[in-house]
Amino acid sequence: MKMRGYRLELKLNQSQRVLCAKSAGTSRFAYNWKLDKLISEYEANKALAIMYGLNKVPSTFGSAIDWHKDWVLLKTELPWIRETSKCCGQEALRDLEVAFKRFFINKSGYPKFKKRGQRDSFRLTGSVYIASDYVQLPNLGKIRLKERNYPILEGKCLLSQATVSRQCDRWYVSFLLPETVDVPDLASIESIEECDILGVDLGIKELAITSEGETFENPKAYKKHLVKLKRYQRMVSRRVKGSKNKQKAITKLSRIHKRVADIRNDSVHKLTTSLVKTKPKVIVIETLKPKNMSKNHKLASAVLDSSFGKIKDTLKYKCAWNGVHLIMAPAFYASSKYCSVCGHKHNDLKLSDREWTCSYCGTHLDRDVNAAKNLQYLGLWMIDKHSPSGESTVSSTGSDACGDERLQFLTEQCSSMKQEFKSQNHALHLECEP
Ligand SMILES: [Zn+2]
């Protein structure tokens, strides 16, 4: 049993739209109200900690339940709070508690104030129901879904909670539903052959190329919308502050930003679904460091326009859902520098060399397909090394017997890589998802 997340767009009428905005506003107010109070308390504690030479600032904040008592008292002072569900304040305080807990265990920074219009959202608990064409929420009542008749939502289903959020001028509801998944264990897979492993090379020109030679286009959404973005940005900055026209221009600009994000999301989902749908047993991808890559100014915007991080995260959970094991190749593995036919390493390969000929065996290679193939080999080698039986999967395919040159090379390339990994003193990291 696993919980699967859903995020569906809502079709609100005018009064619901107002109420949603109010609820998000109340939620934000509760969060900022308590955060503001706690800052002075934290500063006082910090001063005490310094005075007594403590290496940790003591937490005397109490819990969200304590805070909620003050929040209830505030309701008589500020009657507009009652216009929205009681959950808005309650859940916001819970979020703040989590934010502080994360801060005190050094998992994240000091909680920040929420800003109006940025990530507006609120969470509701209690009698939350979802059906194929509507969602029923406390205080808001039945709200129609923009897209209806989801097969998974047949019949009315009680949820423990749901979050309503705004992106640009659209509202969404997100929730979790339990689902059974069948995930095979890597150890139970008896033999893995080349065809069971899919190497995926992520790139800028094309979003991804697989070891099977399949290519996925990069929509380069940001680059295509750059002119429009610049024009609308200018429009926003020229309007008078606080005016209605400024607000209109901001909405127009944020719609373009949303469009760019939507195009990116769409291509990422198409790519990852298609990779998982071919049902390989293992997928091998590179560990790209977009932060390092974007230091190259010529590449920066293109790298960020390719959303590598999102591909990785999406692939991670989709693999877990479909029982595919995901291997992240170590960042130093030069997947594009080896010849995938003979294993010769070409150290002088430039980023601009899209196609090249191996000086050792004379094979003409496409840079990206070659890299994807090498990732596939790496996966085979890594599984071989980590297989619990210790039996070499490479030899189990009969490479020694039939003398298949490529498999022979595989073992050679892999063992030469083993040397290299050792010399770099990196522990190999096999990520067995889930
Ligand atoms: Zn070669």
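I start with a cut-off: axis angles over 145 degrees count as roughly antiparallel. The model I am reading is predicted.

**Entry 1: α4 and α5**

I looked up how helix α4 (residues 221–238) sits against α5. Their axes come within 9 Å and cross at roughly 170 degrees. That angle is over the cut-off of 145, so α4 and α5 are roughly antiparallel to each other. I then listed the residues that meet. From α4 I noted, among them, A221, H225, L229, Y232 and V236. Facing them in α5 are residues including A249, I250, L253, I256, V260 and I263. Charged residues are in the list as well, including K228 in α4 and R259 in α5.

**Entry 2: whole chain**

I stepped back to the chain. I find 12 helices and 13 strands in it. Of its 434 residues, 27% count as buried. I also checked the contacts with a separation of 6 or more. Residues 24 or more positions apart account for 68% of those.

**Entry 3: the barrel**

Which strands make up the closed barrel? I traced six, in the order β1-β4-β3-β2-β5-β6, with antiparallel pairing. From one strand to the next, the twist averages 45 degrees.

I followed β1 to its partners. Strand β1 (residues 2–11) runs antiparallel to β6 (residues 170–179), and eight bridges join them. Y6 has F175 as its bridge partner in β6. With β4 (residues 141–145), β1 shares two bridges, again antiparallel. There, L10 stands opposite L145.

**Entry 4: α1**

Next I checked what α1 (residues 14–51) lies across. The strands are β2 (121–130), β4, β5 (157–167) and β6. Against β2, α1 runs at about 120 degrees.

I tested the length of α1 too. At 1.5 Å a residue, its 38 residues should span 56 Å. The end C-alpha atoms are 56 Å apart, so the two figures agree. Just after the helix, G53 takes a positive phi of about 65 degrees.

**Entry 5: cores**

I looked for the largest nonpolar core and found 35 residues in it. V200, I283, V284, I285, L375 and L378 touch the most other members. Elements that give two or more residues to this core include β7 (197–202), β10 (282–286), α8 (308–322) and α9 (367–386). The largest share, 10 residues, comes from α9.

I picked L378 for a closer look. Leaving out residues up to four places away in sequence, L378 touches V284, A329 and Y333.

A second core is separate and has 29 residues. C20, A24, W67 and L96 are among them.

**Entry 6: G362**

Last, I went to G362. Is G362 buried or exposed? I count 10 C-beta neighbours inside 10 Å. Exposed means 12 or fewer, so G362 counts as exposed. G362 lies in the loop between β12 (355–357) and β13 (364–366). I also took its distance to C339, C-alpha to C-alpha. The two are 9.8 Å apart in space and 23 residues apart in sequence.

Definitions and conventions
Residues are numbered from 1 along each chain as its sequence is written. This is a predicted model: local features need pLDDT of at least 70, side-chain atom pairs count only at pLDDT 80 or more; totals for chains, interfaces and linings use all residues. Helices (H or I, at least four residues) and strands (E, at least two) are DSSP runs, numbered from the N terminus. A residue is buried if 20 or more other C-beta atoms lie within 10 Å of its own, exposed if 12 or fewer, and partly exposed in between; C-beta atoms are placed from the backbone. Two residues are in contact if their C-beta atoms, placed from the backbone, lie within 7 Å. Two strands pair if DSSP finds at least two bridges between them. A nonpolar core is a set of buried Ala, Val, Leu, Ile, Met, Phe, Trp, Tyr and Cys residues joined through C-beta atoms within 7 Å. Axes are lines fitted to C-alpha atoms, for helices over the stretch in contact, and angles run from 0 to 180 degrees between N-to-C directions. The expected span of a helix is 1.5 Å times one less than its number of residues. Angles under 35 degrees count as roughly parallel, over 145 as roughly antiparallel, 65 to 115 as roughly perpendicular and the rest as oblique.
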